[in-house]
Every structure is written in structure tokens, then in C-alpha cells.
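Here is a short briefing on one protein model. Look over the sequence and the structure first, then read the points below.

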Amino acid sequence: MKNSLLLLLFFSSSLIFSQAPQQGKVIPEYGKTFHIESPGFKTDTSSTLKVVFDVDRSFDEAEPNKLIETAARYLNMHENAGVDPGNMNIALVLHGKAVQDALKDEYYTERFPEVLKNPNSPLIEALVEEGVEVIICGQSATYYKVNRDNTNENSKFALSAMTALVQLQNDNYRLIKF
């Protein structure tokens, strides 16, 4: 009985102190984040943040790619922390199966007939509107039969993901790979 009461107290206290993710201001539809009260490692809100996200895989075809959504979370989280969105330069390099996430709706549904629309399209559009560069690996694209005609018109093709990643890092972008 005593153990049950302690267990109940533990779970109820964790529910009381748990926090729900918050909608961001930059891209409200995507990239919810948690507020962190008084972090010990302070966010530098004055410098320009240049980041490239290495996106090499997909998950559920019916849901937006979580790795692409990370760019929205990055924008929302840092804006909420006081970083001016104009001081954030973000690029996504899509390669491997992730190149299919940039397909136009009609081509996406040809590949994934159980899905009516590409769930990544509105996310990519929202990111592009905020200045995010979407770069597609030409090597992966050729392998997966992805081309300029069947992809989001705001996507850029590179010789390869390796080329884009190296060039962006040479331009002082910091690599984020999950």
C-alpha cells in the first residue's frame, strides 16, 4: 500500500510539472518547442547562426519528415530565445530516400498510393518562405528518379549531398546531423 501511494504521488507530480510543447512564431504550423527556464548555457542572440541540416532518411510517408521539421523547430526555438530570424541562415541537404520528400503531390502519390498529398510540401513551402535553402543531392535524385520537373520548384539540385555539405561548411555553416 505504501509503495502504491508513493508511485501514485510520483506520477501525479510528474504530470503537474510536465510541459506541453509550444507553437512557434516563425513557422507556427510546424516545429513546436519547449520553453527552457534559465538555461545554464546561454544562447548567443547577437551572432549570425549558419546551419546545414543533413537529411538522409524518411519515416512515415503520411507524415512530414521529422528531420525536415527540425529546421522549423530550430527557427521557432531560437526566435523565441531572442535571435532575430534574419540572423539565421539555414540550409537543408536532402539525400538518400529523403529526396522523395520534395516531390510534387502528384508524383508523391504515384510513389506512395496510400497518401493523397505530400505532407512535406506545406512544410517545405513554409521553410522556403523564411529563407531556408532546400538542396537536393543530384546523385540520390537520379537513383530515385527525382528531377526538376517532379520536385518542389523551390528546391535546388547539387552535384551531390557531399558537395553541398562541404561547400556549405566551407562557407561557415555548421553541420547538424541526427
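A residue counts as exposed when its relative accessible area is over 50%, as buried when that area is under 20%, and as partly exposed in between. By that cut-off tyrosine 143 is exposed, because its relative accessible area is 64%. The model is predicted. The protein has 6 helices and 5 strands. Along the sequence they run α-β-α-β-α-α-β-α-β-α-β.

**Overall build**
- The protein has 178 residues, and 38% of them are buried.
- Its exposed surface comes to about 10800 Å². Carbon and sulfur atoms supply 55% of that area.
- Take the contacts with a separation of 6 or more: 69% of them join residues 24 or more positions apart.

**Aromatic rings**
- The whole structure holds 3 aromatic pairs. Two of them are described here, beginning with tyrosine 108 and phenylalanine 112.
- The ring centres of tyrosine 108 and phenylalanine 112 lie 4.8 Å apart. Their planes meet at 50°, so this pair is tilted.
- Tyrosine 108 is buried, at 1% relative accessible area. Phenylalanine 112 is buried as well, at 14%.
- Tyrosine 143 and tyrosine 144 form an edge-to-face pair, because their planes stand at 85°. Their ring centres are 4.9 Å apart.
- Phenylalanine 59 has a charged partner: lysine 66 lies over the face of its ring, 5.5 Å from the ring centre.

**Histidine 95**
- Histidine 95 sits in the loop between β2 (88–94) and α3 (105–111).
- Is histidine 95 buried or exposed? Its relative accessibility is 18%, so it counts as buried.
- The side chains of histidine 95 and aspartate 54 are joined by a polar contact of 2.5 Å.
- Beyond its neighbours within four places in sequence, histidine 95 touches Asp54, Val55, Asp56 and Arg57, among others. Its contacts also include Cys137, Ser140 and Ala161.

**Helix α6**
- Helix α6 covers residues 161–170, and its buried residues include Ala161, Ala164, Leu165 and Leu168. These residues span an arc of only 95° around the axis, so they lie on the same side of α6.
- What does the buried side of α6 pack against? Its buried residues meet β1 (49–55), β2, β3 (133–137), β4 (155–158) and β5 (174–177).
- Met162, Gln167 and Asn170 are exposed, on the face of α6 turned away from the buried side.
- Serine 160 caps the N-terminal end of α6. One of its side-chain oxygens lies 3.4 Å from the backbone nitrogen of methionine 162.

**Positive phi angles**
- Asparagine 172 comes just after α6 and has a positive phi of about 70°. Asparagine 172 lies in the loop between α6 and β5. Its relative accessible area is 47%, so it is partly exposed.
- Serine 38 is not a glycine, yet its phi is positive, at about 50°. Serine 38 is in the loop between α1 (2–17) and β1. Its relative accessibility is 58%, so serine 38 counts as exposed.

Conventions. Residues are numbered from 1 along each chain as its sequence is written. This is a predicted model: local features need pLDDT of at least 70, side-chain atom pairs count only at pLDDT 80 or more; totals for chains, interfaces and linings use all residues. Side-chain values use heavy atoms; hydrogens and water are left out. Rings of Phe, Tyr and Trp (its six-membered ring) pair if their centres lie within 6.5 Å; planes under 30 degrees apart count as stacked, over 60 as edge-to-face and the rest as tilted. Buried means under 20% relative accessible area, exposed over 50%, partly exposed in between (1.4 Å probe, protein chains only). A charge sits over a ring if NZ of Lys or CZ of Arg is within 6 Å of the ring centre and within 35 degrees of the ring normal. Helices (H or I, at least four residues) and strands (E, at least two) are DSSP runs, numbered from the N terminus. A polar contact is a pair of N or O atoms within 3.5 Å; within protein, one must be able to donate a hydrogen and the other to accept it, and residues adjacent in sequence count only if both atoms are side-chain atoms. Contact means heavy atoms within 4.5 Å. The arc is that of the directions from the helix axis to the C-beta atoms. Accessible areas come from the Shrake-Rupley method with a 1.4 Å probe; for residues, only the protein chains shown count as cover.
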